[in-house]
Amino acid sequence: IVTTLMDKMVSNFVQMSESENNADVCYSHRVARAITSALDADSLSALIDFVPSIQALIPEITKNENSSCTHRQLVFLLSKLFSAVLSQERKIFMALDNLQWADSTTLGLISEVLISVCQCPEERERLVFVG
């Protein structure tokens with residue numbers, strides 16, 4: 001659920017980069033730069049398995065076939081990705097429906113990522129999460 005949500009968010013940035021709206025194109029480019037500043041090449045490579053659309057947003061990423069992530073590493077990478085997006089001064093509204101059906105691992109991952117991201121007051125002010 002979490003990685004699908006992040007992938008959808010990144011897919012939206014890819015669509016924005018192809019938009020005719022100059023503000024959306026500029027925002028998409030700023031987000032891509034923020035992500036590449038926040039995460040090194042190995043981290044970005046590891047994220048491809050979980051957020052495949054990141055490769056379309058940042059084409060210079062190459063997939064490392066030997067990369068793998070522990071739960072802690074995934075929380076860290078998703079938190080850094082989300083923080084990079086929130087650093088670009090647009091509000092983000094995220095909604096997850098039917099969370100009552102999510103397993104405890106998924107709920108834990110959602111909780112850990114949100115807690116990590118919301119440690120920064122500026123990022124917390126830009127995020128609305130409904131679940």
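**Helix packing and the largest pocket**

Helix α5 passes helix α6 in a right-handed crossing (the near helix is turned clockwise from the far one by less than a right angle; helices are DSSP runs of H or I of at least four residues, and strands are E runs of at least two, numbered from the N terminus). The model is predicted, so local features need pLDDT of at least 70 and side-chain atom pairs pLDDT 80 or more, while totals for chains, interfaces and linings use all residues. Residues are numbered from 1 along each chain as its sequence is written, and side-chain values use heavy atoms, without hydrogens and water.

Helices α5 (residues 71-86) and α6 (residues 104-117) pack at about 45 degrees with axes 9 Å apart (axes are lines fitted to C-alpha atoms over the stretch in contact, with angles from 0 to 180 degrees between N-to-C directions). The two are therefore oblique to each other (neither under 35, over 145 nor 65 to 115 degrees).

Turning to the pocket, about 150 Å³ of space lies in the largest one (on a 1 Å grid over the protein atoms alone, for a 1.4 Å probe, a pocket is an open set of points with protein on both sides within 12 Å along at least five of seven lines; lining residues have an atom within 4 Å of a point; the volume is the space filled by probe spheres set on points joined across faces, edges and corners). Its lining includes L5, F13, Y27, R90 and F93. Helix α1 (2-17) and strand β1 (92-95) each give two or more residues to this lining, and α1 provides the largest share, six residues.
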